[in-house]
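Got your viewer open? Here is a short tour, one selection at a time, for someone meeting this structure as a newcomer.

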Amino acid sequence: MHSSILLAAQNLATKFSLLSQVGRATASAAQQQRSSFHTSKMVQIKEGDKIPSIDLFEDSPANKVNIADLCAGKKVILFAVPGAFTPGCSKTHLPGYVDKAGDLKSAGVAEVVCVSVNDPFVMSAWGKQHNAGGKVRMLADPAAVFTKQLELGADLPPLGGLRSKRYSMVLEDGVIKTLNVEPDGTGLSCSLADKIKV
């Protein structure tokens, strides 16, 4: 009786050992298979790239504005902010472009566009608060589709998660001629209106 129990235990141990070896071999094969596939992370948009054809929203969800169509055949300044009504965006970034819009348009800029990962109602209300009408178009990227496509998103939990980095760009016929991304993603230096060269 004792020997049969011992034999059964030895058989069980042998089976576990074989299963363990099979498991290790399977894991190793899976690892090799994974490493044989080349996965490339999307790269941040750069000067010389074309702006992607993506719908943003102006004033309401019913009013789509395709950003590629908006930029076609024109010189456009587009700047993005981490969030409407946030202090740096409200005190410095947006007001700078509103104040300078006339000069920029005199220099041949057809449109000045502000983009943020907010809903269109919030962007509209924020624009009205700063008298942006006729000066800066307030376009919403509510699901961050545009921001993700440019690879210019920033994870900002205090603002609700994924937001846009702060940046500005000058586009000619939909092609990015200059791109100024704040080094820390949120600061107020290279992307400000007084730093734009048209």
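## Start at Ala144

Select Ala144, which counts as buried because its relative accessibility is 3%, under the 20% cut-off. You'll find Ala144 in the loop between S5 and helix H5 (145-150). Check its backbone angles too: phi is positive, about 60°, although Ala144 is not a glycine. Keep in mind from here on that you are looking at a predicted model.

## Zoom out to the chain

Now show the whole chain as a cartoon. How many helices and strands does the secondary structure of the protein chain come to? Count five helices and nine strands. If you trace the chain along the sequence, the pattern reads α-β-β-α-β-α-β-α-β-α-β-β-β-β.

Switch to a surface view next. The accessible surface of the protein chain comes to about 10800 Å², and carbon and sulfur atoms account for 57% of that. As for what lies beneath, 41% of the 198 residues count as buried. Contacts are worth a thought as well: take those between residues at least 6 apart in sequence, and 65% of them join residues at least 24 apart.

## Another positive phi: Phe85

Go to Phe85, in the loop between strand S3 (75-81) and helix H3 (87-106). Phi of Phe85 is near 70°, a positive value in a residue other than glycine. Is Phe85 buried or partly exposed? Phe85 is partly exposed, because its relative accessible area is 40%, a value in between the 20% and 50% cut-offs.

## Into helix H3: His93

Follow the chain into helix H3 and select His93. His93 has a relative accessible area of 0%, so it is buried. What is packed around it? Leaving aside neighbours within four places in sequence, His93 is in contact with Phe79, Ala80, Val81, Gly88, Arg166, Tyr167, Leu188, Ser191 and Leu192. Pick out Ser191 from that list: the side chain of His93 reaches the backbone oxygen of Ser191 at 3.1 Å.

## The largest pocket

Keep the surface on for this stop. Rolling a probe the size of a water molecule over the atoms shows where empty space is left. The largest pocket has a volume of about 200 Å³. To get to it, select Ala132, Gly133, Val136, Arg137 and Met138, the closest to its centre of the 16 residues that line the largest pocket.

Which elements each supply at least two residues of the lining? Colour strand S4 (111-116), helix H4 (120-129) and strand S5 (137-140) to see them. H4 gives the largest share of the lining, with four residues. Colour by class instead, and the lining of the largest pocket shows five nonpolar, four polar and seven charged residues.

## Across to Asp59

Keep Arg137 selected and add Asp59. These two are 78 residues apart along the chain, while 9.7 Å separates their C-alpha atoms. Asp59 has its place in the loop between strand S1 (55-57) and strand S2 (64-66).

Which residues does Asp59 contact, leaving aside its neighbours within four places in sequence? Pro120, Phe121 and Ser124. Show the side chains of Asp59 and Ser124, and you can draw a polar contact of 3.2 Å joining them. Asp59 is partly exposed, with a relative accessible area of 42%.

## A long jump in sequence: Val175

Next, select Val175 in strand S9. Add Gly48 to the selection: Val175 and Gly48 are 127 residues apart along the chain, and their C-alpha atoms are separated by 6.0 Å. Not counting residues up to four places away in sequence, Val175 touches Gly48, Asp49, Lys50 and Val170.

## Last stop: Lys195

Carry on to the segment after strand S9 (175-181), where you'll find Lys195. Lys195 is partly exposed, at a relative accessible area of 42%. Its contacts, leaving aside neighbours within four places in sequence, are with Ser189 and Cys190. Finally, put a distance label between the C-alpha atoms of Lys195 and Ser168: they are 9.5 Å apart, with the two positions 27 residues apart along the chain.

Note on methods: Residues numbered from 1 in each chain as written. Predicted model: local features only at pLDDT ≥ 70, side-chain atom pairs only at ≥ 80, totals over all residues. Heavy atoms only, no water. Buried < 20%, exposed > 50% of the residue type's maximum accessible area, 1.4 Å probe, protein only. Contact = heavy atoms within 4.5 Å. Polar contact = N/O pair within 3.5 Å; in protein donor to acceptor, adjacent residues only side chain to side chain. Areas by Shrake-Rupley, 256 points an atom, 1.4 Å probe, with all protein chains shown as cover. 1 Å grid on protein atoms, 1.4 Å probe; cavity = no way out; pocket = protein on both sides within 12 Å on 5 of 7 lines; lining within 4 Å. Points joined across faces, edges and corners; volume = space filled by probe spheres on them. Nonpolar A, V, L, I, M, F, W, Y, C, P; charged D, E, K, R; others polar.
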